[in-house]
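Welcome, and please get your viewer ready. We will go from one selection to the next and look at what sits at each stop.

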Amino acid sequence: MNQKVLNTLEYDKVIERLKAYATTELGKTACEQLEPMTDEPEISLAQEQTQDALTRLYKQGSISFFGVQDLGASLKRLKMKGTLSAGELLEIAALLEAVKNALAYGAQRDEMADADSLDSVFESLVPMDGLLRDIRHCIISPEEISDDASSALKDIRRNMKLTNQKIHSQLTAMVSSSSNKDMLQDALVTMRNGRYCIPVKQEYRGQFKGMIHDQSSSGSTLFIEPMAVVTLNNQLKELEGQEQTEIERILALLSEQASYDMDSLAQNQKLLVQLDFIFAKAKYAQDYNGSKPIFREDGVINIKQGRHPLLDPKKVVPINVSLGDAFSMLVITGPNTGGKTVSLKTVGLFTLMGQAGLHIPAFQGSSLGIYEEVFADIGDEQSIEQNLSTFSSHMTNIVSIIQNAHRDSLVLLDELCGGTDPVEGAALAISILTDLHDRGVKTMATTHYSELKMFALSTNGVENASCEFDVETLSPTYRLMIGIPGKSNAFAISRKLGLDNHIIEHASDQIDESVKDFETILADLEKSKQTIEQEQEEIFEYRKEIETLRKSLKERQENIKEKREKLLREAREEAYRIISEAKETADETIKEYNKLKKQSGKDANRKMEHMRSDLRGKMSGLEKDMAYRSKNRASKKHEPGDFQIGDEVYVTSLSLSGTVQTLPNSKGDLYVQMGMMRSKINVKDLEITKSVKQVKRENARNEARNSGRTAINKSSSIRPEINVLGMTVDEAVSQLDKFIDDACLANLGQITVIHGKGTGALRKGLHNYLKTLKKQKRISGYRDGEFGEGDMGVTVVIL
């Protein structure tokens with residue numbers, strides 16, 4: 001591709017944005033060097049790599065190439081058997097850590113997933129854990145070598161530490177001595193020329209034997225190294241030299257070890273930079289929501305909802321463009337600032353980006369062609385230096401395009417032959433377009449000439465297009481409409497801006513009638529198209545609404561079916577419970593009756609009569625309960641004063657049972673807890689099935705009666721869930737403890753504890769209690785509810 005068209009279509013700005021997504025400097029350089037390709041296999045591979053990297057980003061998250069530096073100079077020194085510095089070796093370690101991370105990232109992919117184009121790149125990385133481990137073991141920072149790098153270095157540094165301590169001990173004794181106090185300038189130990197010294201006043205220099213290393217600026221203080229520590233300082237210097245020699249030996253050994261793997265290091269660096277470059281393309285595509293284009297052999301361009309990548313994605317209006325199928329030339333007309341040039345640049349830039357292996361900001365399924373050259377004449381080409389006018393400069397560029405364009409080229413012409421006499425300019429433009437069209441060159445051109453609209457209408461393979469303009473608001477909509485030529489709307493805009501009507505009418509009289517008729521037809525076509533599009537949008541919205549209603553109705557029918565089945569199941573369970581209670585009561589009474597029958601006396605007869613009376617009362621109560629449940633629930637009405645907290649009620653509007661949580665307000669509304677759902681219900685929709693007193697009496701009676709029940713009777717009445725909403729932790733633990741025993745007797749596999757979300761205090765308290773039960777092996781385990789079970793508002797206990 002010629003550099004001129006890359007600048008004209010602002011491809012360089014796309015590359016500048018791409019660079020920001022690369023982590024390494026070498027990766028940024030690779031982005032800078034990215035240019036459109038013309039070889040189809042190379043383009044396909046580049047696009048596939050971008051797509052595979054984008055897929056990995058969505059599934060696995062980002063990959064890091066932090067610390068990867070250019071090792072070129074270090075590798076050259078290794079090749080020459082040179083020794084690397086600690087900093088250079090750390091750069092090698094950073095590269096090897098990046099290799100390790102990349103290998104781990106590459107291995108994260110789902111085993112069931114098909115192989116992608118990046119697998120071979122990841123698999124070509126060479127792990128060098130031994131070298132990495134040795135460098136990290138020996139080198140702490142570019143300025144510091146670890147004591148554990150070698151036993152010799154450890155011994156040297158230990159001796160240095162002991163020698164330092166001896167020096168400091170002797171010098172501290174000197175400066176702390178009361179006899180030396182008046183002779184010293186300060187009671188401290190200092191260092192001069194790498195030797196430990198003490199500050200002695202000038203007049204007492206003869207009192208301290210040793211070497212003078214420095215004096216103060218005034219000359220009143222001398223820094224003397226006492227003879228007592230000269231030998232120790234000499235030893236320290238020797239140890240420091242030994243330390244440096246040992247460090248150089250360690251660095252030489254590490255460098256030698258690295259030199260054995262120079263080729264692998266170079267290959268790893270190349271592969272990491274390649275991956276950084278590929279993932280930079282993917283991150284950029286992810287940022288502007290790009291998609292992989294389809295490249296057609298016939299070069300057909302079909303862009304769906306394309307957005308110029310350099311414009312604000314929140315403001316840019318997507319365009320649909322097709323070229324090369326039914327027509328190979330597109331003539332775009334319309335008012336200034338209507339979006340003609342942007343449409344032209346969008347098509348050209350998409351072509352360059354696609355052939356460079358970049359995704360395009362367009363809808364999935366958009367197609368592009370592969371062109372050996374893209375030519376563009378866009379913008380003001382006036383050149384003062386070459387003494388060329390705007391028209392001359394444009395024409396110079398167009399001449400070059402005509403001479404070099406061929407069937408595998410894409411030509412973009414903005415304001416073709418503008419800036420000159422309209423009649424001659426229109427004729428010249430038609431002739432140029434005819435030449436390009438006859439040679440099969442795919443072309444897009446923008447113009448204001450009406451003659452070109454007629455040319456497009458009357459020539460096979462050439463199509464009109466226009467950028468929509470809202471005359472009412474005097475603003476463009478930037479929508480590209482293919483098949484309809486545009487209007488300049490000069491009269492409408494002028495009238496809207498306040499130009500006198502007589503001037504506009506006089507101007508209209510100057511236009512030929514045939515031109516007026518043509519413009520009227522264009523206006524009618526545009527209006528009809530807008531009406532059709534509006535109706536299509538309405539139809540689409542209606543279809544969406546119908547589909548939503550259909551789904552809602554289906555869900556409602558399913559909910560009704562589920563509720564009906566649930567109610568029937570609960571009714572059967574309740575009927576079975578009542579019958580079982582009646583049978584059990586009768587059996588127990590008969591046993592007792594038979595025992596008393598064997599006895600004699602008034603006391604026995606009185607007890608037997610009393611039992612008969614109790615049995616009749618219980619059976620009567622059960623019959624009433626059965627009759628109540630079978631009659632129409634909506635027949636009974638209650639007043640607000642009838643309700644108490646704890647009453648069991650039936651919600652007629654929802655066909656659900658619940659418990660009263662609050663007293664009715666002035667409007668008769670109160671809160672009812674129905675399983676996990678807590679709702680505000682009016683008393684008109686409620687029936688009291690059991691008052692709170694009845695509930696308490698029944699619970700007490702059931703507790704006494706249920707003490708001797710067998711597991712089969714438990715299983716017929718117990719439900720696999722317990723509601724502890726609104727209870728304290730102690731109350732809930734007490735209820736849950738008994739419920740777990742009952743559930744175990746009923747041979748239930750698991751139970752559900754409904755505690756709600758709230759502050760989480762109740763859930764935490766229950767979980768602490770369940771931990772204790774698990775340790776005692778009373779339960780197998782417990783877990784939070786899953787989606788559809790109640791989420792964090794319930795806990796499932798495995799018995």
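Which residues gather in a patch of negative charge on the surface? Select E535, E537, E538, E541 and E545, and you have the patch on screen. Bear in mind as you look around that this is a predicted model. Of the five, take E535 for a closer look: it belongs to helix α18, which spans residues 513-598. With a relative accessible area of 42%, E535 is partly exposed. Patch membership asks for over 30% relative accessible area, so the 42% of E535 passes that cut-off.

**Stop two: a glutamate in a loop**

Now move to E10, in the loop that runs between α1 (3-8) and α2 (11-19). Is E10 buried or exposed? Its relative accessibility is 17%, and because buried means under 20%, E10 counts as buried. Show side chains here and add K13 to the selection: the side chains of E10 and K13 make a polar contact at 2.9 Å. Keep E10 in mind, as we will return to it.

**Stop three: salt bridges**

Side chains of opposite charge can pair when their charged atoms come close. How many salt bridges does the count come to? The total is 24, and we will visit three pairs.

Begin with R56 and D119, whose side chains form a salt bridge with an N to O distance of 2.9 Å. This pair links distant parts of the chain, with R56 in helix α4 (residues 40-60) and D119 in helix α7 (residues 119-123), 63 residues apart. Switch on a surface and look for the two: both R56 and D119 are buried.

Next, select R136 and E97. Their closest N and O atoms are 3.1 Å apart, and the two form a salt bridge. Helix α8 (residues 129-138) holds R136 while helix α6 (residues 86-106) holds E97, so this pair ties together parts that are 39 residues apart in sequence. R136 is partly exposed, at a relative accessible area of 35%, and E97 is also partly exposed, at 32%.

For the third pair, go to D737 and R778, where the salt bridge is 3.0 Å from N to O. Here too distant parts of the chain are linked: D737 sits in helix α22 (residues 729-745), and R778 is in the loop between α23 (761-775) and β24 (781-784), 41 residues apart. D737 has a relative accessibility of 25% and counts as partly exposed; R778, at 29%, is partly exposed as well.

Before leaving the salt bridges, bring back E10 and K13 and add K345. Salt bridges with shared partners join E10, K13 and K345 into one network.

**Stop four: two backbone angles**

Most residues other than glycine have a negative phi, and most peptide bonds are trans. With that in mind, select K81 and check its backbone. What is the phi of K81 near? The value is near 60°, which is positive, and K81 is not a glycine. Look for K81 in the loop between α5 (72-79) and α6. At 68% relative accessibility, K81 counts as exposed.

Finish at Q305, which also has a positive phi, about 55°, without being a glycine. Where does Q305 lie? It is part of strand β8, residues 301-306. Q305 has a relative accessible area of 37% and is partly exposed.

Technical notes
Residues numbered from 1 in each chain as written. Predicted model: local features only at pLDDT ≥ 70, side-chain atom pairs only at ≥ 80, totals over all residues. Heavy atoms only, no water. Patch = residues over 30% accessible without salt bridge, like charges linked within 9 Å, V, L, I, M, F, W, Y side chains within 5 Å. Areas by Shrake-Rupley, 256 points an atom, 1.4 Å probe, with all protein chains shown as cover. Salt bridge = Lys/Arg side-chain N within 4 Å of Asp/Glu carboxyl O. Lys, Arg positive; Asp, Glu negative; His and termini not counted. Charge placed at Lys NZ, Arg CZ, Asp CG, Glu CD. Helix = DSSP H or I, 4+ residues; strand = E, 2+ residues; numbered from the N terminus. Buried < 20%, exposed > 50% of the residue type's maximum accessible area, 1.4 Å probe, protein only. Polar contact = N/O pair within 3.5 Å; in protein donor to acceptor, adjacent residues only side chain to side chain.
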